[in-house]
Amino acid sequence: MASQTLGFVGCGNMGGAVLNGILAAAFTKTSTEPKPISGFIVCTKTAGSAARIKSSIAAEHQDLIEVVSGQNVQTMRDADIVVLGCKPFMAEEVLGERGVREALSGKLVISMLAGQSCENLTRIIKDAPGDTHAPQAKDPAVMKVIPNMGAQFGESMTIIETPSDAVSQSMAETAEWIFNQIGKVKFLAPEQTGLATVLVGATLATLTLPIEGLLDGCVAEGFKRADAMEMVLQGIRGLSALLESGAHPAVVRESISSPRGCTIQTLLSLEKAGTRSDFAEAMIRGNKHLKENM
Ligand SMILES: NC(=O)c1ccc[n+]([C@@H]2O[C@H](COP(=O)([O-])OP(=O)(O)OC[C@H]3O[C@@H](n4cnc5c(N)ncnc54)[C@H](OP(=O)(O)O)[C@@H]3O)[C@@H](O)[C@H]2O)c1
């Protein structure tokens, strides 16, 4: 298996979670299986962020990683595979720089940029002003991959858009290996990745609201917040196991609602508030926003 250097252009919350997740999963002292990646180059915009990343890397991994700032094109040249971890609106600025086309010639480019299509990113790279000293550039092979912050604990639900013909099978396998290190991977057709991006993000973000509501209610009724949180977390693990076993959510609700019991009272209260359709509406609104801003 050829060993390659994985470069991150932009490495904030998401890039950092992916980087740390890969290091924790595949680069421990005991991991002996062959890997397609042998080292990392990380490039941020500011020196302060680079220093923060450097200091967060465990001693056992320091030799595997070079951290720089303000050197996007050089990072693209030095890396064999490039992960784009800057904000989506920065695509033109980052990929339109002189020399990018040659630096990414024939390379696998993994975009984590929500809402940016592979076609648009490929166009920006091909339109970047040329580096007159470099040989003729080949097209890059751009893949779209959307992980989430669960990555740092090996629990990402990563959406990988079905690769285009520009991506070789070995490139696709390498991308799959990378993201398998940090959780589960699901391949979806391009027309489904937008909604999947909204769903995965919303699962993490919107479910924090009912969790906080449950905690607030328990604090109002006399629990310490930390005690309530401990019980809620184990409850979520139990719910997750039930749903993963194939139980329908409605069956779970009904099976724990006893006649004249307290659970049915909590459910009726939320149904009266229209909570379920509020969540559906939130998904529709998030997806509309993504489509309008693609
Ligand atoms: N956060 C999530 O849950 C999530 C989930 C799925 C996908 N994503 C995608 O991941 C990407 C990054 O999101 P994030 O939340 O990690 O953002 P973030 O924390 O703001 O990180 C952005 C990174 O980009 C760097 N950067 C800024 N300007 C740059 C430039 N001109 N050239 C190169 N790097 C530059 C920043 O460096 P400095 O710190 O030095 O400015 C920082 O390292 C986005 O495209 C987003 O759509 C995020």
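## Helix H6 and its two faces

Four residues of helix H6 (residues 118-127) are buried: Cys-118, Leu-121, Thr-122 and Ile-125. They sit on the same side of H6, because the arc they cover around the axis is only 100 degrees. That fits the usual helix arithmetic: with 3.6 residues a turn in an α-helix, residues three or four places apart point the same way. This is a predicted model, so read everything here as computed from it.

So what covers the buried residues of H6? The cover includes H4, helix H5 (100-103), strand S5 (108-111), strand S6 (141-146) and strand S7 (156-161). Flip over to the face of H6 turned away from its buried side, and you find the exposed residues Glu-119 and Asp-127.

## Around the ligand

The ligand is surrounded by 27 residues. Gly-10, Gly-12, Met-14, Thr-46 and Ser-49 are the closest of them. Two elements give two or more residues to this shell, namely helix H1 (13-26) and helix H4 (91-95). H1 has the largest share, with three residues.

As for chemistry, the shell is a mix: 13 of its residues are nonpolar, eleven are polar and three are charged. H4 turns up twice in this story, since it gives residues to the shell around the ligand and is also part of what covers the buried residues of H6.

## Gly-39 on strand S2

Now for a look at one strand residue. Gly-39 belongs to strand S2 (residues 37-44). Is Gly-39 buried, exposed or partly exposed? It is partly exposed, because 17 other C-beta atoms lie within 10 Å, while a buried residue would need 20 or more.

Once neighbours within four places in sequence are set aside, Gly-39 is in contact with Thr-5 and Leu-64. The pairing with Thr-5 spans 34 residues in sequence, yet the two C-alpha atoms are 4.8 Å apart in space.

## An unusual phi at Arg-260

Most residues other than glycine have a negative phi. Arg-260 goes the other way: its phi is positive, near 65 degrees, and it is not a glycine.

Where is Arg-260 found? Look in the loop between helix H11 (249-255) and helix H12 (262-272). Arg-260 counts as exposed because it has 6 C-beta neighbours inside 10 Å.

## Two domains

Stepping back, the domain assignment splits the protein into domain 1 (4-189) and domain 2 (203-292). Taken over C-alpha atoms, the centres of domain 1 and domain 2 are 35 Å apart.

Key. Residues are numbered from 1 along each chain as its sequence is written. This is a predicted model: local features need pLDDT of at least 70, side-chain atom pairs count only at pLDDT 80 or more; totals for chains, interfaces and linings use all residues. A residue is near a molecule or strand if its C-beta atom, placed from the backbone, lies within 6 Å of it. Ala, Val, Leu, Ile, Met, Phe, Trp, Tyr, Cys and Pro count as nonpolar, Asp, Glu, Lys and Arg as charged, and the others, Gly among them, as polar. A residue is buried if 20 or more other C-beta atoms lie within 10 Å of its own, exposed if 12 or fewer, and partly exposed in between; C-beta atoms are placed from the backbone. Two residues are in contact if their C-beta atoms, placed from the backbone, lie within 7 Å. The arc is that of the directions from the helix axis to the C-beta atoms. Domain bounds come from an automatic or database domain assignment.
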